[in-house]
Amino acid sequence: MGYARLQDPRRRDLRYDMNRLANPSKRQSNWHVRPYRAEDATARAEVFRQAVQKGAAAHYDQVQRDAWAAGPSADSLKDRLAPQLVLVAVDSAGKVIGFFSLTDAGLVDFAYVMPDLRGSGLADHLLERLTEAARARGLSRLTTEASLVARSFFARHGWSEERRQTVTKGEAQLDNFVMSLDLGAAETAA
Ligand SMILES: CC(C)(COP(=O)(O)OP(=O)(O)OC[C@H]1O[C@@H](n2cnc3c(N)ncnc32)[C@H](O)[C@@H]1OP(=O)(O)O)[C@@H](O)C(=O)NCCC(=O)NCCS
């Protein structure tokens, strides 16, 4: 079928490990993960905005990022996230620095960390916690629509690429990858 692992994952892992070694401060984990609370809404929105506008700048142009960052509205986002499991990462000062979400159907709907914490292990930890929660809920398969930024991140965690697709957001078109993880065959994260 159309399942294909990304090419040469070991080279990506090596680049990732070298990045981490070159940025030892990023390996410190002065943060913890907890469930989302209503009072996190503003900070969560800021993580989303920065992750899109700065974190995705190498892969999407300004028009695409503006369209991505613009929607959904605060109200529709609140409704969309309400039934989901939302985990936030919080730093030692209590600031929200990342959030991931999971639907009942096993869709990892949101996966965002502050741009300066890319490659720090924060996203790894959030995904690991979310995957643990999915297993505890009896889910056997996870899916996501991984951005061009997130593609290698999910692949490194053992996710398979199903297909590339183009989605419309506002006036812009953005490419992403439908990816999935068979929880029965999940690998331990790097
Ligand atoms: C998707 C996301 C949560 C993954 O988190 P992450 O920390 O970037 O993931 P990783 O731990 O795998 O980081 C590795 C990447 O960070 C890069 N990286 C490592 N150290 C870095 C540093 N000091 N500065 C910048 N980038 C760095 C690596 O080169 C690697 O990039 P690559 O995948 O292009 O090879 C995060 O990138 C993000 O918020 N992206 C923007 C929003 C987005 O696309 N969300 C996903 C929607 S589906």
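Of the contacts in the chain with a separation of 6 or more, 67% are between residues 24 or more positions apart; two residues are in contact if their C-beta atoms, placed from the backbone, lie within 7 Å. The model is predicted, so local features need pLDDT of at least 70, side-chain atom pairs count only at pLDDT 80 or more, and totals for chains, interfaces and linings use all residues. Residues are numbered from 1 along each chain as its sequence is written.

**The whole chain**

Show the chain as a cartoon. It has 6 helices and 7 strands; helices (H or I, at least four residues) and strands (E, at least two) are DSSP runs, numbered from the N terminus. Along the sequence the pattern reads α-β-α-α-α-β-β-β-α-β-α-β-β. Of the 190 residues in the chain, 27% are buried. A residue is buried if 20 or more other C-beta atoms lie within 10 Å of its own, exposed if 12 or fewer, and partly exposed in between, with C-beta atoms placed from the backbone.

**The sheet**

Select the strands. The 7 strands form an open sheet with mixed pairing, in the order S1-S2-S3-S4-S5-S7-S6. Two strands pair if DSSP finds at least two bridges between them. Strands of a sheet pair through backbone hydrogen bonds, either parallel or antiparallel. At the edges are strand S1 (31-35) and strand S6 (160-169), each of which pairs on one side only. Ignoring direction, neighbouring strands of this sheet are turned by 25° against each other on average. Axes are lines fitted to C-alpha atoms, for helices over the stretch in contact, and angles run from 0 to 180 degrees between N-to-C directions.

**From S1 to S4**

Start with S1 and strand S2 (residues 85-91), an antiparallel pair with 5 bridges. Which residue of S2 stands opposite His32? That residue is Val90.

Now select Val33, also in strand S1. Val33 counts as partly exposed because 17 other C-beta atoms lie within 10 Å. Leaving out residues up to four places away in sequence, Val33 touches Leu87, Ala89, His125, Leu126 and Arg129. For a distance check, pick Gly98: its C-alpha atom is 9.0 Å from that of Val33, although the two residues are 65 apart along the chain.

Move on to strand S3 (96-102) and strand S4 (residues 107-113). S3 and S4 run antiparallel and are joined by 4 bridges. Phe99 has Tyr112 in S4 as its bridge partner. The two strands form a hairpin with 4 residues between them, and Gly106 in the turn has a positive phi of about 90°. S4 is largely enclosed by the rest of the structure, because 5 of its 7 residues are buried.

**From S4 to S7**

Select strand S5 (residues 141-147), which pairs with S4 in the parallel sense over 2 bridges. Val108 stands opposite Thr144 in S5. Add helix H5 (residues 122-136): S4, H5 and S5 make a right-handed β-α-β unit. A crossover is right-handed if, with the strands pointing away from the viewer, the path from the first strand over the helix to the second runs clockwise.

Next, add strand S7 (residues 172-182), which runs antiparallel to S5 and is joined to S5 by 7 bridges. The bridge partner of Leu142 in S7 is Leu181.

Stay in strand S5 and select Ala146. Is Ala146 buried or exposed? Ala146 is buried, because 20 other C-beta atoms lie within 10 Å. Its contacts, not counting residues up to four places away in sequence, are Arg151, Phe154, Asn176, Phe177 and Met179. From Ala146 to Ala111 is 8.8 Å, C-alpha to C-alpha, with their positions 35 residues apart in sequence.

**The helices**

Select helix H2 (residues 41-55). H2 lies across S2, S3 and S4, running at about 90° to S3. H5 also packs on the sheet, where it touches S1, S2, S3, S4 and S5, and its direction makes about 30° with that of S3.

Finally, add helix H3 (residues 62-70), which packs with H2 at an angle of about 170°, the axes being 9 Å apart. The two helices are therefore roughly antiparallel; angles under 35 degrees count as roughly parallel, over 145 as roughly antiparallel, 65 to 115 as roughly perpendicular and the rest as oblique. Show side chains for Arg49, Val52 and Gln53 of H2 and for Arg65, Trp68 and Ala69 of H3, which make the contact. These residues divide into 3 nonpolar, 1 polar and 2 charged. Ala, Val, Leu, Ile, Met, Phe, Trp, Tyr, Cys and Pro count as nonpolar, Asp, Glu, Lys and Arg as charged, and the others, Gly among them, as polar.
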